[in-house]
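Reader: I have a model open on my screen and would like to know how its labels are justified. Could you take me through the terms with care?

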Amino acid sequence: MRAGTLVEMMMDSGSPMAFMACNCIALRRAARRISNYYDACLAPLGLRATQFSMLALLGAQGAMPVNGLARALDLDRSTAGQNLRPLERDGLVDMGRSETDGRARVVRLTPAGEARLAEASVRWRRAQAAFEAANGAEEASAMRAMLAALDMPPLDSVEKG
């Protein structure tokens with residue numbers, strides 16, 4: 001195989017290797033590796049990265065509706081609920097009815113949740129520093145900025161070809 005052939009095959013949409021250049025697959029693979037790393041760093045505290053992000057958001061913003069928490073973290077409501085249940089079971093968050101809208105459920109940190117967040121923040125900062133040491137602080141910052149700026153084309157652009 002001559003040099004460049006694999007890359008050419010990966011970029012040729014008719015090639016069976018084209019999926020290797022898929023933006024979605026590359027991003028999902030990287031996200032799994034990063035998530036697994038942060039999950040492992042937080043595991044001694046019984047937390048996963050998604051649960052840590054929920055505790056951190058509640059610690060920064062205070063009590064909020066479950067739907068608002070889900071929106072802020074770009075999660076659907078059922079995924080947010082699945083991640084909140086163990087936090088509630090472990091006494092780290094409290095779920096109750098909104099005082100202004102009885103239909104809405106509000107989630108807030110408990111004192112145990114505040115303590116766990118403080119412990120987890122130390123481990124998260126270490127994970128963050130290790131990730132940046134391995135990948136470069138500027139590169140990590142550029143990656144976060146690029147991901148935050150991602151724009152999705154309308155679905156009809158796929159339908160129309």
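Reader: Which residue in S3 is the bridge partner of Asp94?

Author: The bridge partner of Asp94 in S3 is Arg108. This is a predicted model, in which local features need pLDDT of at least 70 and side-chain atom pairs count only at pLDDT 80 or more, while totals for chains, interfaces and linings use all residues. Residues are numbered from 1 along each chain as its sequence is written, and side-chain values use heavy atoms, with hydrogens and water left out.

Reader: How do you know that S2 and S3 pair?

Author: Two strands pair if DSSP finds at least two bridges between them, and strands are DSSP runs of E with at least two residues, whereas helices are runs of H or I with at least four, numbered from the N terminus. Five bridges join S2 to S3 (residues 105-109), and the two run antiparallel, so the definition of pairing is met.

Reader: What makes S1 and S2 edge strands?

Author: The open sheet has the order S1-S3-S2; strand S1 (64-65) and strand S2 (93-97) each have a single partner strand, so one side of each lacks a neighbour in the sheet.

Reader: Why is Thr110 called buried?

Author: Buried means under 20% relative accessible area (exposed is over 50%, partly exposed in between, with a 1.4 Å probe and protein chains only). Thr110 has 14% relative accessibility and therefore counts as buried. Thr110 lies in the loop between S3 and H6, and, leaving aside residues up to four places away in sequence, touches Gly91, Leu92, Val93 and Asp94, where contact means heavy atoms within 4.5 Å.
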